[in-house]
Structure formats: C-alpha cells, structure tokens
Amino acid sequence: MALITRAQAQAADDVQRELVAVPEWGGDIWVRGVSGKVRDEYEASFVQRKGRKTKVDMQNARARLVVLSCVDEQGALVFDDSDVKWLGDKGALPLERIYSVAARLSGITDLDLGELVKKSEETPGSASNTG
C-alpha cells in the first residue's frame, strides 16, 4: 500500500452519500455523512455548561443529525436548524431510518453518544460538595 500525500488527502472526496427510501414521506432522500468538524459541532451541541455544572441534553438527537445530513442532488442541505422541532415530531420509523444511515456514514455510534453522557458526569465540579 502506498503512502498518501497531503495533496491526495486534501483532494479526496471522502464524504459518502446514500439514497434512502422514505415511503412515509412519499419518496427518497439523499443522506450524506458529515465532516469531522460538523460531527464535533453536533456532539458538542448536546453538552450544556452552566458555571461548573455540565448537563447533556439529547433532545431531538435524531432530528439534529437528519438536518445536518440530508442533501439534494447537488449536495445542498435540504433542512436547516429551524426544521429540527417539526422533524422531531415526525414518525419515529422514517426518522430512525434516515438517522441510522446518517450515523453510519458519519461514524457515529450509540457508544459515542453514551461516552458523551459519561464524560459530562465525570466533569470536575459536577459532584456535590456536601457530605
């Protein structure tokens, strides 16, 4: 196997996409994996810090990733942040189908999200000082 150069890495089109059937919505939708930067922002969006306390809010986690992953034929995002709430209110089955593909293409696992919760619980200052 040959070693790659910086230029090869930079030029590589390495974000995969997949057409997902969503019959409940009347058709198909393109789902792409997210970039490393977008994945970091997605994961960070669950962590809320207030002073020395950290809380993880996983509300609408599936809808949030769907917004970041659904694209049209040209690769432009179909949804934006204002769509998270109503997407979260859609049927769980189609939302899960899209989310599962987006998570797989982005390398996100339930274990990764569980680690987020665990790390927030271990944050210094989150333990009670009373005893």
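This passage looks at a pocket, a helix and a hairpin in a predicted model.

A good place to begin is the largest pocket, whose volume is about 170 Å³. Its lining is made up of V38, E41, Y42, S45, R64, L68, D81 and V84. Two elements each give two or more residues to this lining, namely α2 (36-44) and α3 (61-69). Of the elements, α2 gives the most, with 3 residues. Sorted by chemical character, the lining of the largest pocket holds 4 nonpolar residues, 1 polar residue and 3 charged ones.

Helix α2 deserves a second look, this time for burial. Its buried residues are R39, Y42 and E43. These three lie on the same side of α2, because they cover an arc of only 95 degrees around the axis. Y42 thus appears twice in this account: it is one of the residues lining the largest pocket, and it is also among the buried residues of α2.

The hairpin comes next. Strands β3 (residues 47-50) and β4 run antiparallel and are joined by 4 bridges. Between the two strands of this hairpin there are 2 residues. In the turn, G51 has a positive phi of about 65 degrees. Across the pair, K50 stands opposite K53 in β4.

Strand β4 (residues 53-56) also has two faces to tell apart. T54 and V56 make up the covered face, whereas K53 and K55 make up the uncovered one. K53, then, belongs to the uncovered face of β4 and has K50 opposite.

Methods. Residues numbered from 1 in each chain as written. Predicted model: local features only at pLDDT ≥ 70, side-chain atom pairs only at ≥ 80, totals over all residues. Heavy atoms only, no water. 1 Å grid on protein atoms, 1.4 Å probe; cavity = no way out; pocket = protein on both sides within 12 Å on 5 of 7 lines; lining within 4 Å. Points joined across faces, edges and corners; volume = space filled by probe spheres on them. Nonpolar A, V, L, I, M, F, W, Y, C, P; charged D, E, K, R; others polar. Buried < 20%, exposed > 50% of the residue type's maximum accessible area, 1.4 Å probe, protein only. Arc of directions from axis to C-beta. Pairing = 2+ DSSP bridges.
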